[in-house]
2 protein chains.
Amino acid sequence: MPQVDPRRTIAELQELRALTADDDGAWRVAWTDTWLQSRRWLREKLDALGVETHDDAAGNLWSTLRGESDRELLIGGHMDSVPGGGWLDGSLNTLAGLESLRRIAEQYDGRPPVTVRLVDWADEEGARFGRSLLGSSAAGGTLVPDEERDRTDKDGVRLEDALRRCGVELDHAPQANAELERAAAYLELHIEQGPVLLDLDLPLGVVLGTFGVERHALAFRGQAAHSGSTPMDRRRDAFLAAARMSPEIYAITQRHGGVSTIGSCVTRPGIVTSVVAECDITLDQRHLGAEGLATLLREAREASERFAAEGDVEVAWSELWRIEPFTFHGELIELADEAIRETVGVSHRLPSGPLHDAAEMARAGVPTVMLFVQSLHGISHNKIEDTKLEHIEASVIALDRLAEKAMAWVGRQGG
Amino acid sequence: MPQVDPRRTIAELQELRALTADDDGAWRVAWTDTWLQSRRWLREKLDALGVETHDDAAGNLWSTLRGESDRELLIGGHMDSVPGGGWLDGSLNTLAGLESLRRIAEQYDGRPPVTVRLVDWADEEGARFGRSLLGSSAAGGTLVPDEERDRTDKDGVRLEDALRRCGVELDHAPQANAELERAAAYLELHIEQGPVLLDLDLPLGVVLGTFGVERHALAFRGQAAHSGSTPMDRRRDAFLAAARMSPEIYAITQRHGGVSTIGSCVTRPGIVTSVVAECDITLDQRHLGAEGLATLLREAREASERFAAEGDVEVAWSELWRIEPFTFHGELIELADEAIRETVGVSHRLPSGPLHDAAEMARAGVPTVMLFVQSLHGISHNKIEDTKLEHIEASVIALDRLAEKAMAWVGRQGG
């Protein structure tokens with residue numbers, strides 16, 4: 001029986017790193033020359049495999065191994081990285097998928113029972129224009145070109161122009177949705193980017209879904225006053241109200257699950273001799289359940305208003321971004337569990353805090369599941385991102401086992 | 001009996017405003033052309049009075065009305081303002097002192113029982129170079145030129161060069177100390193710059209002394225981590241530790257008196273998707289008692305260490321600035337109380353949060369007292385700074401009454 005060769009995947013990841021990274025990390029930022037270079041490199045490997053490959057209207061790269069059934073198993077990843085990123089985030093997904101595609105092509109003599117497609121999504125990270133999941137949301141049908149057109153990068157280049165330079169017309173990007181017409185399942189391997197598997201000393205886990213996110217800016221407004229001449233009971237201290245609220249935000253999260261983060265605090269006038277008049281914080285709340293997420297948000301809002309009132313300051317909320325939770329497919333979760341147990345003996349189920357292209361697939365109604373492989377340091381989006389080589393190898397094998405099970409599952413679902 | 005004419009003081013304040021302020025406030029920033037202009041304007045008025053006037057080695061302007069005794073009663077103020085400052089902060093002091101000097105010169109036919117001197121201090125505000133009380137500290141003997149030489153303004157101009165342009169050699173500034181040789185008492189009127197008298201609906205108060213100040217930067221150091229993938233119990237959140245500590249800082253101040261202010265909070269990386277790795281805050285603590293101030297500092301330090309340890313983060317303190325409390329002279333405080341009661345019927349004693357040139361005089365061992373006149377809005381360092389005209393008039397009269405009492409007191413102290 002043909003097998004995947006996980007050491008080839010590691011060799012290819014190293015080859016990619018030599019091509020597109022330096023001492024400061026990987027530079028495969030979407031819509032840049034280095035990203036296009038990584039895509040050409042990938043395409044050479046796909047062409048060598050003899051599969052049909054094309055870019056869709058949103059810049060996603062699709063390779064199709066036609067099967068007996070035209071129902072499709074999709075395996076996805078993304079070659080793009082953040083600036084100074086790690087060697088695994090996104091590219092491991094694509095290259096492990098490529099390795100599985102090779103095994104399937106060989107085992108079934110180029111004609112598997114169902115159609116198998118590898119997709120390399122365009123601009124998962126959103127690192128340059130602040131719009132993540134761009135390619136997969138176009139395919140999933142949620143991208144609205146008019147909402148994205150005027151984004152600019154830090155040099156003032158418009159998103160629309162950067163895409164055009166890579167052969168993508170933003171207005172046509174939603175046509176990528178046609179690619180999902182026969183999609184019957186979607187699989188994605190990713191490094192965890194967190195410490196959960198590391199803490200449990202486990203190589204692999206099944207992802208239950210992606211957290212829903214509520215992201216808000218909270219503006220506390222008090223009154224500037226001289227730090228020396230203003231008695232304590234005469235102050236309307238915007239920072240103090242925000243500070244008093246913050247531990248309560250975390251206590252609410254302890255009660256209801258999920259995660260909450262106050263990532264930024266800005267004070268004005270922000271000088272040593274003045275009571276803070278304006279304190280702006282950002283709050284990022286995530287939960288795997290829609291109801292849990294709504295509870296986190298509601299109780300945080302109540303807490304902010306209570307502490308603002310106690311401190312005689314005002315508080316106003318403004319939404320920065322939100323997305324609902326997407327839970328993955330129950331039967332595919334079971335299959336993923338099996339694949340992991342067969343590979344490393346023990347599995348674990350966990351939610352994903354970060355979003356992934358898989359969320360757009362689940363949102364589009366494609367039965368979806370993800371595998372996580374342990375991250376060393378629990379850190380990604382950084383040149384020190386890493387995973388033990390034996391775990392990378394296990395992840396390539398587990399993804400391939402899952403692909404085989406999923407092909408059979410897709411076949412059984414067929415009308 | 002000759003009397004002060006407080007309406008002349010108000011007219012002169014208005015004249016000064018027309019000369020040195022615009023719609024955005026006063027621009028008499030020390031060592032600038034507008035400040036020099038205000039000084040020339042003042043000098044014309046002093047010359048008209050016929051007193052001997054000269055600049056000392058630190059740029060302070062001294063006018064001397066020689067008396068029967070060479071023991072000196074000093075009355076002080078400062079013409080310099082912050083950028084966009086109010087019409088009273090500093091200039092009321094000087095012009096009310098001028099008015100009292102006129103009354104004394106007239107009443108005693110140019111030869112009062114003790115010598116009376118008006119001093120207009122140079123650079124009380126420190127608005128341009130960040131060094132307040134420059135002129136009075138030179139006179140008081142605490143200015144160290146080498147510590148100030150390399151200060152620069154926001155345009156990169158060096159303090160030493162800005163002073164030289166105004167005829168002051170920084171290295172010679174400590175020679176101003178000679179001006180205090182015969183100083184027997186120092187008086188200063190100032191707007192309160194706080195809300196205490198306003199809240200009590202009182203026009204005038206006696207200042208007990210200036211708060212001692214402990215000013216520190218606190219650096220909390222945790223670990224950046226992804227807001228989505230990092231479980232709550234795995235975080236080392238620098239902002240959370242600072243936030244938890246902050247209400248405790250205020251509780252400590254409630255217990256021991258004085259005031260404490262967290263004026264600035266800066267977070268890094270300071271993005272919505274990351275746990276805060278670094279949180280820097282500033283802490284400004286003030287107390288009228290040296291022991292009380294030491295207690296505030298010690299308990300704040302303990303609290304910071306306790307909350308840092310609970311949050312598994314580090315905290316480091318670095319001193320920004322400190323000054324001990326200066327209490328004013330008991331007998332002069334009594335005289336000031338009398339002068340206020342004789343003028344408006346009721347007096348009140350309060351500490352000064354902000355520093356004043358009077359603190360440098362008290363530090364130098366000159367028996368010192370200050371009068372505060374009510375600030376509307378409790379606000380200064382702003383174009384909206386204001387005081388009711390009837391209160392300004394009362395303050396000019398009360399300062400003059402105090403000057404008369406202080407002359408007699410200085411006469412009694414004479415050996």
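Mentor: A polar contact is a pair of N or O atoms within 3.5 Å; within protein, one atom must be able to donate a hydrogen and the other to accept it, and residues adjacent in sequence count only if both atoms are side-chain atoms. We apply this to a predicted model, where local features need pLDDT of at least 70, side-chain atom pairs count only at pLDDT 80 or more, and totals for chains, interfaces and linings use all residues. Residues are numbered from 1 along each chain as its sequence is written, chains are lettered from A and ligands numbered from 1 in the order in which they are written, and side-chain values use heavy atoms, without hydrogens and water.

Trainee: How many residue pairs across the interface of chain A and chain B satisfy the polar contact rule?

Mentor: The rule finds 16 such pairs, both residues being at pLDDT 80 or more. On the side of chain A that touches chain B, two or more residues each come from α7 (196-200), α8 (238-256), β11 (259-268), β12 (274-275) and β13 (278-287); these elements are DSSP runs numbered from the N terminus, helices being H or I of at least four residues and strands E of at least two. That side comprises 21 nonpolar, 22 polar and nine charged residues.

Trainee: What makes residues of chain A and chain B count as being in contact, and how many do?

Mentor: Contact requires heavy atoms within 4.5 Å, and 52 residues of chain A meet 52 residues of chain B. The two chains bury about 4000 Å² between them, 62% of it on carbon and sulfur atoms. In chain A, the residues losing the most area to chain B are A:M232, A:F239 and A:V272, together 16% of what that side buries. Buried area here is the accessible area (1.4 Å probe) lost on putting two parts together, summed over both.

Trainee: Why is the pair A:R234 and B:D199 called a salt bridge?

Mentor: The definition asks for a side-chain nitrogen of Lys or Arg within 4 Å of a carboxyl oxygen of Asp or Glu. The closest N and O atoms of A:R234 and B:D199 are 2.1 Å apart, so the pair qualifies. Two salt bridges are counted between chain A and chain B.

Trainee: How do you know that A:R39 and A:D55 form a salt bridge?

Mentor: Their N to O distance is 3.8 Å, which therefore falls within the limit. The pair links distant parts of the chain, 16 residues apart: A:R39 lies in helix α2 and A:D55 in strand β3 (residues 52-55) of chain A.

Trainee: How are helices α2 and α3 of chain A oriented, and what makes that term apply?

Mentor: Helix α2 (residues 33-49) and helix α3 (residues 91-107) of chain A pack at about 10°, with axes 11 Å apart. Angles under 35 degrees count as roughly parallel, so α2(A) is roughly parallel to α3(A). Their contact has eight nonpolar, one polar and two charged residues.

Conventions. Ala, Val, Leu, Ile, Met, Phe, Trp, Tyr, Cys and Pro count as nonpolar, Asp, Glu, Lys and Arg as charged, and the others, Gly among them, as polar. Axes are lines fitted to C-alpha atoms, for helices over the stretch in contact, and angles run from 0 to 180 degrees between N-to-C directions. Angles under 35 degrees count as roughly parallel, over 145 as roughly antiparallel, 65 to 115 as roughly perpendicular and the rest as oblique.
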